[in-house]
Amino acid sequence: MSASTPRDRAAEPLSPGRIVDAAMELVGKGGLAGLSMRKLGARLGTDPMAVYYHVPNKTALFDLLVERVMTEIEMPPAPDSAPPRERLEGAARAFRRSLLAHGDIVELFVGRNLETPAQLVPVEWVLSTMMDAGLRPTQALWAVNALMDFVIGCVASEVTGRAEKARGKGTTTAADMLPEEEFPALRRVLDEVGISRYEDQFEFGLAALVGGILEGKDM
């Protein structure tokens, strides 16, 4: 099947979904820096001003990109079907997978408040699980924030690390740059682990964080 041309795309009616699809494609090729309303219009085969009819500004576009990631999270089965720890760890893994599928936009999540109903569906799921586990509402909110910050940070680190490796950086490791007499522990750790075991690091941190949240509910 041949690829669609700008003329073909122009014949299709614009919608927020089509706009987000095109924006995701642009970000996948050139990162967030490569996303502009002009390029988006060209990708869609239409005048950029037509895009503004559906998406009033770039901030609104970024909100839609975040919403797309959140709606693609495949949450575990119903909240009451497994122990809280298993449910929370499953939700964190699902969030990680969704973020990694669109790693170029992970920076949009840093310091961002989720506000739309579509963005908040997974948050509702996790909050309910936290409170089912015995956390008070305020504790549950703190715990959700901590869990989201952990996942976002892990994914951001992984995306950056893999990009640097793809660009050929890292032939001289961090361990090689540290004086062994001053940093013996760091030299040993970095020599042994490196930066490649992202999933193992994630699982270790996730187990520690979720375990601490559930054990600290009586504080």
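## A chat about two helices, a pocket and a cavity

Reader: Starting with the second largest pocket, how many nonpolar, polar and charged residues are in its lining?
Author: By class, the lining of the second largest pocket has 8 nonpolar, 3 polar and 2 charged residues, and I should say early on that this is a predicted model.

Reader: And how much space lies in that second largest pocket?
Author: The space in the second largest pocket comes to about 290 Å³, and the elements that give two or more residues to its lining are α7 and α8.

Reader: Which element has the largest share there?
Author: In the lining of the second largest pocket the largest share belongs to α8, which contributes 6 residues.

Reader: Which residues should I look for around its centre?
Author: The second largest pocket is lined by 13 residues, and of these R112, N113, L114, N145 and M148 lie nearest its centre.

Reader: Changing topic, how many cavities of 30 Å³ or more does the count come to?
Author: The count comes to 1 cavity of 30 Å³ or more, and about 140 Å³ of space lies in the largest cavity.

Reader: What classes of residue line the largest cavity?
Author: The lining of the largest cavity has 13 nonpolar residues, with no polar and no charged ones, and the residues nearest the centre of this cavity are A91, F95, P122, V126 and M148.

Reader: Which helices supply that lining?
Author: At least two residues of the lining of the largest cavity come from each of α6, α7 and α8, the last of these being residues 137-166, while the largest share, 4 residues, is from α8.

Reader: How do α6 and α7 pack, then?
Author: Helix α6, which covers residues 84-101, packs with helix α7, residues 117-132, at an angle of about 160°, and their axes are 10 Å apart. Because angles over 145 degrees count as roughly antiparallel, α6 is roughly antiparallel to α7.

Reader: What about the handedness of the crossing?
Author: The crossing in which α6 passes α7 is left-handed.

Reader: And which residues meet there?
Author: From α6 there are P84, R87, L88 and A91, and these meet W125, V126, T129, M130 and D132 in α7. The residues of this contact divide into 6 nonpolar, 1 polar and 2 charged.

Reader: Which of those did you already name for the largest cavity?
Author: A91 and V126 were among the residues nearest the centre of the largest cavity, and in the helix contact A91 belongs to α6 and V126 to α7.

Terms used:
Residues are numbered from 1 along each chain as its sequence is written. This is a predicted model: local features need pLDDT of at least 70, side-chain atom pairs count only at pLDDT 80 or more; totals for chains, interfaces and linings use all residues. Side-chain values use heavy atoms; hydrogens and water are left out. Axes are lines fitted to C-alpha atoms, for helices over the stretch in contact, and angles run from 0 to 180 degrees between N-to-C directions. Angles under 35 degrees count as roughly parallel, over 145 as roughly antiparallel, 65 to 115 as roughly perpendicular and the rest as oblique. A crossing is left-handed if the near helix is turned anticlockwise from the far one by less than a right angle, and right-handed if clockwise. Contact means heavy atoms within 4.5 Å. Ala, Val, Leu, Ile, Met, Phe, Trp, Tyr, Cys and Pro count as nonpolar, Asp, Glu, Lys and Arg as charged, and the others, Gly among them, as polar. On a 1 Å grid over the protein atoms alone, a cavity is a set of points where a 1.4 Å probe fits but cannot get out, and a pocket is an open set with protein on both sides within 12 Å along at least five of seven lines; lining residues have an atom within 4 Å of a point. Grid points are joined across faces, edges and corners, and a volume is the space filled by probe spheres set on the points.
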